[in-house]
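Me: Could you take a close look at one part of this model for me, the way two neighbouring helices pack, and then work outwards from there? I would like the cut-offs spelled out as you go.

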4 protein chains.
Amino acid sequence: MAETETTTEPRHPDSSRRSERSRRAIYEAALDLVTEVGYARTTIEGIASRAGVGKQTIYRWWPSKAAVLLEAFLDLVTPVDPAHGAGFPDTGDLEADLKAVLRASVDELTDPRYEGPTRALAAAGIVDETVGAEFLEKLLDPGLRLYTERLEAAQEAGEADPGIDPRIATELFVGPLLHRWLLRTLPLTHDYTDRIVEYALYGLRPRG
Amino acid sequence: MAETETTTEPRHPDSSRRSERSRRAIYEAALDLVTEVGYARTTIEGIASRAGVGKQTIYRWWPSKAAVLLEAFLDLVTPVDPAHGAGFPDTGDLEADLKAVLRASVDELTDPRYEGPTRALAAAGIVDETVGAEFLEKLLDPGLRLYTERLEAAQEAGEADPGIDPRIATELFVGPLLHRWLLRTLPLTHDYTDRIVEYALYGLRPRG
Amino acid sequence: MAETETTTEPRHPDSSRRSERSRRAIYEAALDLVTEVGYARTTIEGIASRAGVGKQTIYRWWPSKAAVLLEAFLDLVTPVDPAHGAGFPDTGDLEADLKAVLRASVDELTDPRYEGPTRALAAAGIVDETVGAEFLEKLLDPGLRLYTERLEAAQEAGEADPGIDPRIATELFVGPLLHRWLLRTLPLTHDYTDRIVEYALYGLRPRG
Amino acid sequence: MAETETTTEPRHPDSSRRSERSRRAIYEAALDLVTEVGYARTTIEGIASRAGVGKQTIYRWWPSKAAVLLEAFLDLVTPVDPAHGAGFPDTGDLEADLKAVLRASVDELTDPRYEGPTRALAAAGIVDETVGAEFLEKLLDPGLRLYTERLEAAQEAGEADPGIDPRIATELFVGPLLHRWLLRTLPLTHDYTDRIVEYALYGLRPRG
DNA sequence: GTATAATCGAGACGGTACGTCCTGTCTTCGA
DNA sequence: TCGAAGACAGGACGTACCGTCTCGATTATAC
């Protein structure tokens with residue numbers, strides 16, 4: 001009789017009873033739909049129906065369409081992403097290492113399996129700060145940290161000026177890459193990222 | 001090509017009879033709503049009702065919510081944007097000029113009046129290629145072209161290596177800026193853009 | 001800008017623009033569904049879909065499923081119902097007239113086309129006072145009034161005791177009829193209503 | 001017919017192990033909810049939660065919401081209802097006895113504790129034949145039988161015409177009562193039932 | 001006095017329908 | 001002819017319940 005209700009807590013359900021089967025089906029449906037019809041035309045209702053799942057099962061575990069997709073994408077990418085996987089190469093040649101990683105990133109961003117979901121998530125994150133934060137923390141940051149670490153190693157090895165801030169330097173490489181990819185200014189090629197690495201390492205000043 | 005089109009093209013109606021009053025009201029309503037409730041919760045119906053305008057008046061002149069907002073934003077920004085206005089400074093000191101322009105860009109992107117609409121448009125453009133193309137052409141490219149021109153001038157003046165591609169070099173400056181702004185990785189400050197300019201001009205290599 | 005909103009008025013839409021086509025389609029769909037699957041399994045969504053109509057078109061004009069059905073039923077019955085149509089016979093023989101009308105009522109209540117909707121409406125009205133009031137006013141009362149009038153005429157003609165209350169007397173006939181029909185106590189036959197008329201007219205006391 | 005049913009009948013489970021505590025809690029919750037929020041807004045889930053009981057415990061023992069409520073109401077009413085309790089008075093004065101019992105019925109139907117559940121059950125029974133049959137058998141018929149018996153006694157005592165059918169005569173009293181109560185045509189008062197008794201006993205014909 | 005099996009509270013699940021909001025089209029009427 | 005207004009068919013939203021199901025954790029006979 002006595003209802004011990006304090007306030008309307010968000011109230012996470014009991015995750016130990018969660019249906020693994022449904023979770024995976026939802027991931028798959030979400031990724032497929034985004035790829036097939038695009039993010040805007042992907043609906044929760046559509047995901048539920050394609051996954052053979054009640055809508056409530058989605059609303060029970062995720063707060064939004066973006067959250068579903070983010071998790072689905074993380075699940076897809078985790079065992080594959082270099083950041084979560086192999087790590088950053090350190091052959092002793094900074095230039096070559098940077099070029100190799102950036103080329104790999106170009107390939108990944110260009111892969112039709114990844115392009116749709118990634119764009120969707122990026123867009124959602126740009127507008128919605130919460131999604132953005134999670135996108136950043138879960139997907140982007142791990143990758144950026146590897147650049148930073150490689151650059152620090154390079155500084156110790158005398159390959160890079162010890163005065164520079166490795167984090168800012170990281171963005172000198174990644175910024176142009178994402179710029180071209182997100183805004184579709186010009187084609188995103190290996191040649192482009194190679195140049196970026198060269199320019200960033202040696203500067204734009206006239207070379208004596 | 002054929003001027004005498006007979007098929008029932010759903011062409012723009014007679015724009016000479018268009019109500020200037022309504023157009024401006026729509027611009028204002030669209031920008032206000034995006035700022036107040038965000039892009040996703042801004043609806044055509046809402047814009048129409050706030051502008052005191054029939055829905056059809058919007059559908060008659062614009063193909064989508066994004067198009068309305070883009071035009072509204074262009075209208076807002078045109079007389080103000082350095083790219084569309086003053087032009088790029090050329091004091092003979094490339095480093096100082098780049099720093100100044102990037103600082104101005106930071107201020108603009110940070111201005112609460114611009115932030116909402118710009119983010120919304122960028123996000124829409126990331127997902128929808130058509131919107132993206134128009135966003136690029138009308139808003140972004142004019143600005144980028146000024147960078148390119150300034151860099152070419154710098155090359156002729158011996159301030160920059162003649163071997164570099166000015167367009168790619170441009171992205172070395174703008175990429176990190178947009179990266180930090182779009183993805184909210186870290187605060188976007190004047191100090192940050194100053195460093196970007198320095199790193200890009202002098203390179204990351206150890207300086208003798 | 002100034003929103004002249006006082007309170008959240010229910011706000012009747014402009015009924016002059018109402019689609020006659022949709023209204024009739026909704027009536028038909030509602031009646032069909034109630035007959036086919038019963039009231040409880042008749043849904044607004046089902047009515048809308050069968051009528052080829054948006055749900056909102058129903059919600060715009062009716063407050064509830066019961067209201068739709070009531071109106072649909074009234075529309076069906078108006079040109080047919082004796083109460084709304086021919087009127088009550090007055091042959092000068094009260095007993096015969098009452099028997100005839102009650103037999104007609106029995107036939108109507110037994111008609112499979114009417115039974116479903118009428119039961120549904122009666123049930124809805126029993127629980128929901130608003131529906132009940134409208135059901136009473138629009139469907140029942142007109143019929144009851146005819147009984148009352150006939151009984152008054154009978155009183156003037158010396159066929160009935162002038163001391164009795166015609167309204168209460170009316171219920172002496174109609175009450176048992178509805179009782180048997182609503183509660184399905186025993187079969188509702190012409191013989192039954194004949195007896196009711198006889199008992200009510202001549203009383204249950206031993207007849208000298 | 002075949003006693004040795006082998007198919008997996010979804011029979012009632014072992015009722016000897018049934019939790020009395022839960023049963024009573026469910027009764028109480030069901031009656032309270034119907035009174036508080038009405039039949040339509042009373043849900044199985046709501047009953048379960050208010051009774052502090054698992055949903056399955058309800059589904060295990062009852063086939064429907066109406067069945068729960070019917071049983072709950074029977075449990076409430078059994079020790080009180082004249083039909084199930086005291087029986088029908090026989091003072092030798094038929095008119096007085098009928099008036100007394102009908103007045104008691106009016107009081108009961110008017111009692112706020114009973115009104116909600118009874119209306120709900122009646123409505124459910126009107127639409128759903130199964131519920132109706134049980135409602136009739138368990139709640140209504142026992143009462144009606146007492147009327148019939150009293151009328152038979154009256155016939156033997158010479159208080160009533162031996163030619164009349166006691167069952168039909170019963171409905172002459174009960175019909176108008178339920179009519180007014182169910183359909184809310186006019187207020188249900190002691191005066192009204194007194195008149196009904198008088199009219200039915202002495203007839204509507206001119207007395208003279 | 002334990003086994004052992006059914007019932008219990010709880011609540012996740014696949015679904016259906018709710019009532020609301022918006023979309024993009026269409027129609028009406030006033031300027 | 002355009003504009004304000006808004007009804008229309010339709011689709012999706014996020015919520016509430018349905019009836020089924022699966023979990024331990026009690027019980028309460030039957031061994």
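Reply: H5(B) and H6(B) are roughly perpendicular to each other, a label used for angles of 65 to 115 degrees (under 35 degrees counts as roughly parallel, over 145 as roughly antiparallel, and the rest as oblique). Their axes cross at roughly 85° and come within 5 Å, with H5(B) covering residues 94-110. Those axes are lines fitted to C-alpha atoms, for helices over the stretch in contact, and the angles run from 0 to 180 degrees between N-to-C directions. Helices here are DSSP runs of H or I with at least four residues, strands are E runs of at least two, and both are numbered from the N terminus.

Please keep in mind that this is a predicted model: local features need pLDDT of at least 70 and side-chain atom pairs count only at pLDDT 80 or more, while totals for chains, interfaces and linings use all residues. Residues are numbered from 1 along each chain as its sequence is written, and chains are lettered from A and ligands numbered from 1 in the order in which they are written.

Back at the crossing, Glu108(B), Leu109(B) and Thr110(B) of H5(B) meet Tyr114(B), Glu115(B) and Thr118(B) of H6(B); contact requires C-beta atoms, placed from the backbone, within 7 Å. By class, this helix contact has two nonpolar, two polar and two charged residues. Nonpolar covers Ala, Val, Leu, Ile, Met, Phe, Trp, Tyr, Cys and Pro, charged covers Asp, Glu, Lys and Arg, and the others, Gly among them, are polar.

H6(B) also faces another chain. The contact between chains A and B takes 43 residues from chain A and 44 residues from chain B. On the chain B side, the elements giving two or more residues are H6 (112-127), H7 (129-156), H8 (166-183) and H9 (190-202). H8(B) gives the most, with 12 residues. That side of chain B has 27 nonpolar, eight polar and nine charged residues.

Now for how the copies are related. Chain B is superposed on chain A by a rotation of 179° with 0.0 Å of shift along its axis, at an RMSD of 0.2 Å; the fit is by least squares on C-alpha atoms of residues with pLDDT of at least 70 in both copies. The same surface serves both, as 98% of the contact residues of chain B recur in chain A.

Chains C and D make a pair as well, with 44 residues of chain C in contact with 44 residues of chain D. On the chain C side, H8(C) gives the most, with 12 residues, and the classes are 27 nonpolar, eight polar and nine charged. Chain C can be laid on chain D by a turn of 179° and a shift of 0.1 Å along the axis, with an RMSD of 0.2 Å. The two copies are thus related as by a two-fold rotation axis. Gly203(C) comes closest to that axis among the residues of chain C, its C-alpha lying at 1.8 Å.

Lastly, the DNA. There are 41 residues around DNA strand E, and Pro13(A), Gly54(A), Thr43(C), Pro13(D) and Gly54(D) come nearest; a residue counts as near when its C-beta atom, placed from the backbone, lies within 6 Å. Among the elements that give two or more residues to this surface are H3 (55-61) of chain A and H2 (44-51) of chain B. The surface divides into eight nonpolar, 16 polar and 17 charged residues.

Technical notes
Two residues are in contact if their C-beta atoms, placed from the backbone, lie within 7 Å.
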